[in-house]
Amino acid sequence: MTRTKPESHSSSSKVATAKTKPARKTAAKPKRTKTPKYTRAEIEAIFERFHAHDPEPKGELEYVNAFTLLVAVVLSAQATDAGVNRATRGLFAVADTPEKMLALGEDGVREAIKTIGLFRNKAKNVVALSQMLIEKHGGEVPRSREELEELPGVGRKTANVVLNIAFGEPTVAVDTHLFRIGNRLGIAPGKTPLAVELALEKIIPDAYRLHAHHWLILHGRYVCKARTPDCGRCIIADLCKSPEKRVPDASKSEAEGASGKA
C-alpha cells in the first residue's frame, strides 16, 4: 500500500509577515540662543542712559568707614542689604574699628548679627579679619585686591566692592544680579562671575567705569528681576537685545486706549 505524503501547504502561506519596529523618534535638539551683539555706540548709549537716570548711584549697605564697609559686605553674602543694615546699626554703634570688634569678641558679634543667615560663621570671620587687620595692616583696610582677599571671609567680589566704594577704584563687583544682567542682556556673557567681570571690563566706556557695577546691580535688583523682567519700566528697553525682553505691543496698547475713549 502506497502511503501518500500529507499535502504540504504552499510556502507562501507559511511565510510570516515580519514585524516592523517603529522608527525611533530622535529628540529635537534644543535651539541655541545666540548671544546678542552690541556695537560700541549701543554700549555707550546704555551706560549714558544709566548715568542720566542716576548720576551718582550708591550702594545700599550702611557703613561709617572702610572697616565697617568691609564688615557689612562680608555679612551680606546670602543675605539682603536691608537685613544686614538692621543688624549692623547696633553692631557698628559699639564696634566701628578692628580693635573694638576684637574686644567685642565672637560671642558679642554673633549676638548682634544673629538675624542674618550663616551668622555663626560670619561672626567668626569678622573677628578673625579684625585681628589680621591689626596684626598685618596696622588696623587699616588694605587698598589692594590681593591683600583684601587674604582676609577671612573676603573673596573677589567683596574686595572689589571695598576697592570701589571706599577707595574709588573702577572695579566691577559681580553679584547674582550683575551676573544675570551680563548674561540676559548679552552685554557680558560668561559662565562664571569672573568671566562676566572680565567681559564687562572690556566693554564699559572709561567715563562710566566707576559707577557701572552699581547701575547694573540696581537695574537687576529692581527692574530686570530674576523671575520676570519689568521691561515696561526699563530705561534701556529699546536698546536691549535680550531674547527675554517683554515689551508691550504698542499697537495693541493704542487700540485699547482708543476703545477706552469710545
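## Aromatic rings

Rings of Phe, Tyr and Trp count as a pair if their centres lie within 6.5 Å. With that in mind, this predicted model holds 3 aromatic pairs. One of them joins Phe47 and Phe50 in an edge-to-face arrangement, with 6.1 Å from centre to centre and 65° between the planes. That angle is called edge-to-face because planes over 60 degrees apart are given this label.

Where do Phe47 and Phe50 lie? Both belong to helix 2, which covers residues 40-53, and they are 3 residues apart, about one turn of the helix. Phe47 counts as buried because its relative accessibility is 0%, and Phe50, at 4%, counts as buried too. The two rings also take part in one aromatic cluster together with Tyr208 and Trp215. Elsewhere, another ring has a charged neighbour: Lys241 lies over the face of Tyr38, at 5.1 Å from the ring centre.

## The overall fold

Let us step back to the chain as a whole. Its secondary structure comes to 12 helices and 0 strands, so reading from the N terminus on, each element is α. Of the 262 residues in the chain, 39% are buried.

## The nonpolar core

How many residues does the largest nonpolar core have? There are 34 of them, and those with the most contacts inside this core are Leu70, Leu75, Met101, Ile113 and Leu148. The elements that give two or more residues to this core are helix 3, helix 4 (81-94), helix 5 (98-112), helix 6 (119-137) and helix 8. The largest share, 8 residues, comes from helix 3.

## Two pockets

The largest pocket has a volume of about 660 Å³. Its lining is made of 29 residues, and Gly59, Asp81, Val161, Ile217 and Arg221 lie nearest the centre. Four elements are worth finding in the 3D view here: helix 3 (66-75), helix 8 (156-167), helix 9 (176-185) and helix 11 (212-222) are the ones that give two or more residues to the lining. Helix 11 provides the largest share, with 5 residues. By class, the lining of the largest pocket divides into 12 nonpolar, 11 polar and 6 charged residues.

The second largest pocket holds about 270 Å³ of space. It is lined by 16 residues, and nearest its centre are Tyr38, Arg40, Ile43, Lys202 and Ile203. Helix 2 and helix 10 (193-203) are the elements that give two or more residues to this lining. The classes here are 9 nonpolar, 3 polar and 4 charged residues. Two names from earlier return in this pocket: Tyr38 is among the residues nearest its centre and is also the ring with Lys241 over its face, while helix 2 is the home of Phe47 and Phe50.

## A closed cavity

Besides the pockets, the structure holds 1 cavity of 30 Å³ or more. About 100 Å³ of space lies inside the largest cavity. Which residues lie nearest the centre of the largest cavity? They are Cys224, Pro229, Cys231, Cys234 and Cys240, out of a lining of 14 residues. That lining has 8 nonpolar, 2 polar and 4 charged residues.

## Residues in the loops

Some loop residues also deserve a look. Leu61 is found in the loop between helix 2 and helix 3. Is Leu61 buried or exposed? Leu61 counts as buried because its relative accessibility is 13%, and the cut-off for buried is under 20%. The C-alpha atoms of Leu61 and Ser76 are separated by 8.5 Å, with the two residues 15 apart along the chain.

Gln78 sits in the loop between helix 3 and helix 4. Although it is not a glycine, Gln78 has a positive phi of about 55°. Gln78 is exposed, because its relative accessible area of 72% is over the 50% cut-off. Leu118, in the loop between helix 5 and helix 6, is another residue other than glycine with a positive phi, near 60°. At 52% relative accessibility, Leu118 counts as exposed.

Notes: Residues numbered from 1 in each chain as written. Predicted model: local features only at pLDDT ≥ 70, side-chain atom pairs only at ≥ 80, totals over all residues. Heavy atoms only, no water. Phe/Tyr/Trp six-rings, centres within 6.5 Å; stacked < 30°, edge-to-face > 60°. Buried < 20%, exposed > 50% of the residue type's maximum accessible area, 1.4 Å probe, protein only. Lys NZ or Arg CZ within 6 Å of the ring centre and 35° of its normal. 1 Å grid on protein atoms, 1.4 Å probe; cavity = no way out; pocket = protein on both sides within 12 Å on 5 of 7 lines; lining within 4 Å. Points joined across faces, edges and corners; volume = space filled by probe spheres on them. Nonpolar A, V, L, I, M, F, W, Y, C, P; charged D, E, K, R; others polar. Core = buried A, V, L, I, M, F, W, Y, C linked by side-chain atoms within 4.5 Å.
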